[in-house]
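The following exercises are meant to be worked with the sequence and the model open side by side. Each task is followed by a solution that goes step by step.

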Amino acid sequence: MPRLFFGLEIPPEIKDRLLEITTAVSGAKWQSAEQLHITLLFLGSVEEERFAAICDSASGILTDPFHLQVIGLGCFGRPQNPRNLWAGVQPAVPVAGLHRALQGQMETLGFATEKRAFRPHITLARFKREAGSVEAVLAEQGERDFGQFPVTEFALFESKPGPAGSAYTIIERFPLRTPTA
């Protein structure tokens with residue numbers, strides 16, 4: 001069964017800037033340009049016969065297009081022993097609103113979604129158990145502005161695991177549409 005998630009694409013010029021921070025950190029598995037995205041909602045393994053209902057439901061979401069700024073770095077876990085390194089996005093409010101709308105739609109279709117707090121970010125590196133410290137990267141690049149971009153659509157991605165990490169393929173794109181009064 002395909003593994004699916006909803007996400008936002010990142011423009012190539014911002015991906016290029018994000019990839020500039022790749023550095024030697026013990027245990028880091030850096031993401032490639034093709035892997036950089038913002039996850040909105042992970043669905044997991046899904047039967048193909050459910051794709052149409054998922055797409056129909058997602059296409060009904062009405063939200064205004066917005067702009068995002070990719071700024072700053074952070075990590076999940078302690079900087080001395082991180083689980084992953086990420087770039088932040090601002091403002092978080094429209095991304096969180098889109099997440100909540102998708103979550104509500106997918107729950108009506110019977111999907112169990114994560115209950116932990118949603119924190120929009122772009123994963124740059126994942127770490128093995130023997131993770132090295134990212135303190136120097138955070139000190140040097142932690143406040144960096146990677147640029148801004150308009151968000152006019154979101155996408156349904158398929159994730160296929162592979163030796164170089166997961167490969168992502170877009171199954172469907174959904175334009176953001178302003179709700180009418």
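**Exercise 1. Follow a register across three strands.**

Starting from Leu4, find the residue that stands opposite in β8, and then the residue in β9 that stands opposite that one.

Solution. The model is a predicted one, and the steps below read its strand pairing. Leu4 faces Glu158 of β8, and Glu158 in turn stands opposite Thr169 in β9. The first step belongs to the pairing of β1 with β8, two strands that run antiparallel and are joined by five bridges. The second step belongs to the pairing of β8 (residues 153-160) with β9, also antiparallel, where eight bridges are found. A further pair in this second register is Ala155 with its bridge partner Arg173 in β9. Between β8 and β9 lies a hairpin connection of six residues, in which Gly165 adopts a positive phi near 105°. As for covering, six of the eight residues of β8 are buried, so this strand is mostly covered, taking buried to mean under 20% relative accessible area.

**Exercise 2. Place these strands in their sheet.**

What is the order of the four strands in the open sheet that contains β8, and which strands stand at its edges?

Solution. The order is β3-β1-β8-β9, with antiparallel pairing. At the edges stand β3 (37-45) and β9 (167-175); each has a single partner strand, so one side of each is left without a neighbour in the sheet. Neighbouring strands here are turned by 25° against each other on average, with direction ignored. Helix α2 (residues 51-59) packs on this sheet and touches β1 (3-9), β3, β8 and β9, while its direction makes about 45° with that of β9. Helix α3 (residues 92-108) also packs on the sheet, touching β1, β3 and β8, and its direction makes about 15° with that of β3.

**Exercise 3. Build the five-stranded sheet from its pairings.**

Which strands pair with β6, in what sense, and over how many bridges?

Solution. On one hand, β6 pairs with β2 (residues 28-30) in the antiparallel sense over three bridges; within this pairing Ala28 stands opposite Phe127, and Lys29 stands opposite Arg126. On the other hand, β6 is joined to β5 (residues 81-90) by five bridges, again antiparallel, and here Trp86 has Thr123 as its bridge partner. Extending the view to the whole open sheet gives the order β2-β6-β5-β4-β7 with antiparallel pairing. The edges are held by β2 and β7 (145-151), each with a single partner strand, so one side of each is left without a neighbour in the sheet. From one strand to the next the twist averages 30°. Helix α1 (residues 12-19) packs on this sheet, where it touches β4 (66-78), β5, β6 and β7, and its direction makes about 155° with that of β7. Strand β6 (residues 121-127) is mostly covered, with six of its seven residues buried.

**Exercise 4. Locate a cis peptide bond.**

Which two residues are joined by a cis peptide bond, and where is the proline of that pair found?

Solution. The bond joins Gln90 and Pro91, and its omega is about -5°. Pro91 is found in the loop between β5 and α3.

**Exercise 5. Examine the surroundings of His37.**

Is His37 buried or exposed, and which residues does it touch beyond four places away in sequence?

Solution. First, His37 lies in strand β3. Next, its relative accessible area is 9%, and because the limit for buried is under 20%, His37 counts as buried. Leaving out residues up to four places away in sequence, His37 touches Phe5, Leu8, Ile10, His121, Ile122, Thr123 and Tyr168.

**Exercise 6. Describe the largest pocket.**

How much space lies in the largest pocket, and which elements give two or more residues to its lining?

Solution. The space amounts to about 800 Å³. Of the 26 lining residues, those closest to the centre are Thr39, Glu114, Arg116, His121 and Thr123. The elements that give two or more residues are β1, β3, β5 and β6, and the largest share, five residues, comes from β3. By residue class, the lining divides into nine nonpolar, eleven polar and six charged residues.

Notes. Residues numbered from 1 in each chain as written. Predicted model: local features only at pLDDT ≥ 70, side-chain atom pairs only at ≥ 80, totals over all residues. Heavy atoms only, no water. Buried < 20%, exposed > 50% of the residue type's maximum accessible area, 1.4 Å probe, protein only. Pairing = 2+ DSSP bridges. Axes fitted to C-alpha atoms, helices over the stretch in contact; angles between N-to-C directions. Contact = heavy atoms within 4.5 Å. 1 Å grid on protein atoms, 1.4 Å probe; cavity = no way out; pocket = protein on both sides within 12 Å on 5 of 7 lines; lining within 4 Å. Points joined across faces, edges and corners; volume = space filled by probe spheres on them. Nonpolar A, V, L, I, M, F, W, Y, C, P; charged D, E, K, R; others polar.
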